[in-house]
Amino acid sequence: MPSPAALTYGPIFVGVVFNILLYGIMITQTFLYFTVYKKDRLWMKCFVALLFICDTLNCAFDITFLYIPLVNNFGNPSSLMYATWVFATDPVMTAVIGSLTQCFFAWRVNVLTHSIPAVIFIAFCALCQFCGGLGTSIAVGMIPEFVHFQKFEIIVIVWLAFSAVADCAITVALVWHLRKHKTGFAATDDIVNKIIRLTVQTGLITALCAVIDLVLFLATPSGLHLVFNLPLSKLYTNSLMSSLNSRAGWRYGSGSGETTTDEFTRNARDKHLNVRGDTSRRVSMMTPNQVYIDVESHEMVDVVDTKALPSDSAIGAMPSRPYSEKGGKLSVAGTSDSL
């Protein structure tokens, strides 16, 4: 029979390793953000700093939890059977980071689509998954034995299921809006397709990880699900930072970052169609490669054959009649004869 260390702390060790690796990527992305996007709004910078602090605390707690039984209590097998209060902080920290990230993406959905039902649904799922993570931490404190974790499976289902549903809802809302607003121009549609791919990749990664975590938790009493549970918070923060940093195409050191709202406003203004009409009409589309279409107007004038004209004496003998021009048509005034 495998030892408790192999059943529980083996998956925990692997999960903590992935957590630390993703934390290193988070450090790089945070540094790039504060270096490139110096002109971003203050609240967005504070939001990124808050996520980084939460990620740092989560990483420190996971390392501490791994250190206590394997180093401080080395040689004491009974210490491997129980989860300490440090381990109980992981579900609530993951729920806090996930709900903050999902609320940010809900704000982005509101800015782009102005769909109040979609925003309310995403915010509701984020709130439910936060409550589920908080309840899981409380349940771990009440039932610290690893082999009895499935006694509070209902609250874990609420946590991970609503987390996956919120991620899928965000992905569907953004992809639907972006596909609906393609312009037909190759340069613009190429940028839109890149944003769609990034949105799908980041949204599905977190949703898939949450679903696998839930399935393994329900399927096996061992700690195998912790391989996917412990890195989940870092997947959320890295997906958000990847979305923010991709606005400049990773142009390191440009120092001309803009907020998400400002960027979409600028793009909408650049894609606006301006039509100026006069004798010659020009239609200009402000794209990276400007396209100008000149439409010239020509006036057709009939040339009268001089050979068919009557002689001067015949013209002099013709009676003079006044003409009036009304509504763009010539008519003979005072007579019904046709010219």
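**View 1. The largest cavity and its lining in this predicted model.** Sixteen residues would be a lot to label, so here is the core of the list: of the 16 residues that line the largest cavity, Thr-136, Trp-159, His-225, Leu-226 and Asn-229 lie nearest its centre. Two or more lining residues come from each of helix 3, helix 4, helix 5 (153-180), helix 6 (186-219) and helix 7 (226-229). The volume of this cavity is about 140 Å³, and the count of cavities of 30 Å³ or more comes to one.

**View 2. Helix 3, from residue 85 to residue 113.** Follow its 29 residues from end to end and you cover 42 Å between the first C-alpha and the last, close to the 42 Å expected at 1.5 Å a residue. Helix 3 is largely enclosed by the rest of the structure, because 22 of its 29 residues are buried. Just after the helix comes His-114, with a positive phi near 55°.

**View 3. Ala-139 and Phe-152.** Ala-139 sits in helix 4 (residues 116-142). With a relative accessible area of 11%, under the 20% cut-off, Ala-139 counts as buried. Phe-152 is 13 residues away from Ala-139 in sequence, yet their C-alpha atoms are 6.7 Å apart in space.

**View 4. A nonpolar patch on the surface.** Phe-13, Val-14, Val-17, Phe-18 and Leu-21 together make a patch of about 430 Å². One of them, Leu-21, belongs to helix 1 (residues 4-36). Leu-21 is exposed, as its relative accessible area is 53%. A handy reminder for this view: an α-helix has 3.6 residues a turn, so residues three or four places apart point the same way.

Conventions. Residues are numbered from 1 along each chain as its sequence is written. This is a predicted model: local features need pLDDT of at least 70, side-chain atom pairs count only at pLDDT 80 or more; totals for chains, interfaces and linings use all residues. Side-chain values use heavy atoms; hydrogens and water are left out. Helices (H or I, at least four residues) and strands (E, at least two) are DSSP runs, numbered from the N terminus. The expected span of a helix is 1.5 Å times one less than its number of residues. Buried means under 20% relative accessible area, exposed over 50%, partly exposed in between (1.4 Å probe, protein chains only). Patches are made of residues with over 30% relative accessible area and no salt bridge: like charges are joined within 9 Å, nonpolar side chains (Val, Leu, Ile, Met, Phe, Trp, Tyr) within 5 Å. Accessible areas come from the Shrake-Rupley method with a 1.4 Å probe; for residues, only the protein chains shown count as cover. A salt bridge is a side-chain nitrogen of Lys or Arg within 4 Å of a carboxyl oxygen of Asp or Glu. On a 1 Å grid over the protein atoms alone, a cavity is a set of points where a 1.4 Å probe fits but cannot get out, and a pocket is an open set with protein on both sides within 12 Å along at least five of seven lines; lining residues have an atom within 4 Å of a point. Grid points are joined across faces, edges and corners, and a volume is the space filled by probe spheres set on the points.
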